[in-house]
Amino acid sequence: MKKVLLTLAMCWFTTLLMGQEILTIQTHTQQKADTLELKLVFDVAPGMHVYAPSSLNQSQGYIIMKLEIDSIPEGLKLLPDQQWPEPALAGGGEVYTGNEHMIICKLTGKAKRTPALIKGVLHYQACNEEMCYPPQEKAFSITLQKQSGKKPKK
């Protein structure tokens, strides 16, 4: 009977925790000449961590964060190197905890039509000190608006 109650309590706790936002994302873009910077700022809920995309984590068999850009407007091309934030070492792995971690992707060119939509998914697995939860994904989208041709007044 104790095992059944313990199992039910663990399932209830997991369901409760999974109902909370473990990872939140904010998106920002910045146009610099013919380069568009896409910035994803993510926060990890207190008491949780996610594994950074590193060779150490891959060799340990951890499920690492992965960013996929699914939809890019015509006229833009995604550059291959993403800039990831510096992870912290914890428990034999490289992890992100806390707030304001920034991933930067760069695209070259200009969208042929605006408004235009960039869509993607951030894959991750959240863990606490006791257990890891099933892998999750967080979808995002950014609408690019027409850039005004006006130069700022001096």
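Biologist: In which strand does histidine 101 have its place?

Modeller: This is a predicted model, and its secondary structure comes to two helices and eleven strands. Within that set, the strand that covers residues 101-109, and therefore includes histidine 101, is strand 8.

Biologist: Is histidine 101 buried or exposed?

Modeller: A residue counts as buried when its relative accessible area is under 20%. Histidine 101 has a relative accessible area of 12%. Because that value falls under the cut-off, the residue is buried.

Biologist: Which residue has its backbone oxygen by a polar atom of the side chain of histidine 101?

Modeller: Leaving aside neighbours within four places in sequence, histidine 101 is in contact with Leu40, Val41, Phe42, Pro85 and Tyr96. The backbone oxygen in question lies 2.6 Å from a polar atom of the histidine 101 side chain, and it belongs to threonine 97.

Biologist: Phe42 and Tyr96 are both among those contacts; what kind of aromatic pair do the rings of phenylalanine 42 and tyrosine 96 form?

Modeller: A search of the whole structure finds two aromatic pairs. In the pair of phenylalanine 42 and tyrosine 96, the ring centres are 5.4 Å apart and the planes stand at 75 degrees. Planes over 60 degrees apart count as edge-to-face, so this pair is edge-to-face.

Biologist: How many residues apart in sequence are the parts that phenylalanine 42 and tyrosine 96 tie together?

Modeller: Phenylalanine 42 lies in strand 2, which covers residues 35-44, while tyrosine 96 lies in strand 7, which covers residues 93-96. Phenylalanine 42 is buried, and tyrosine 96 is buried too. Because the two rings sit in these two strands, the pair ties together parts whose separation in sequence, in residues, is 54.

Biologist: Where in the chain is tyrosine 62, which forms an aromatic pair with tyrosine 51?

Modeller: The rings of tyrosine 51 and tyrosine 62 are stacked, with 4.0 Å from centre to centre and 10 degrees between the planes. The two residues are eleven residues apart, and tyrosine 51 belongs to strand 3 (residues 49-51). Tyrosine 51 counts as buried at 8% relative accessibility, whereas tyrosine 62, at 25%, counts as partly exposed. The place of tyrosine 62 is the loop between helix 2 (55-60) and strand 4 (66-71).

Biologist: Which handedness does the disulfide of cysteine 127 and cysteine 132 have?

Modeller: The count for the structure comes to one disulfide, and the sulfur atoms of cysteine 127 and cysteine 132 are 2.0 Å apart in it. Cysteine 127 counts as buried at 1% relative accessibility, whereas cysteine 132 counts as partly exposed at 39%. The torsion about the S-S bond is about 100 degrees, so the disulfide is right-handed.

Biologist: Which strands stand at the edges of the open sheet with the order 6-7-3-10?

Modeller: Four strands form this open sheet, and their pairing is antiparallel. A strand at an edge has a single partner strand, so one side of it is left without a neighbour in the sheet. The two strands in that position are strand 6 (88-90) and strand 10 (126-127).

Biologist: What is the bridge partner of alanine 88 in strand 7?

Modeller: Strand 6, which covers residues 88-90, pairs with strand 7 in the antiparallel sense over three bridges. For alanine 88, the bridge partner in strand 7 is valine 95.

Methods:
Residues numbered from 1 in each chain as written. Predicted model: local features only at pLDDT ≥ 70, side-chain atom pairs only at ≥ 80, totals over all residues. Heavy atoms only, no water. Buried < 20%, exposed > 50% of the residue type's maximum accessible area, 1.4 Å probe, protein only. Polar contact = N/O pair within 3.5 Å; in protein donor to acceptor, adjacent residues only side chain to side chain. Contact = heavy atoms within 4.5 Å. Disulfide = S-S within 2.5 Å. Phe/Tyr/Trp six-rings, centres within 6.5 Å; stacked < 30°, edge-to-face > 60°. Pairing = 2+ DSSP bridges.
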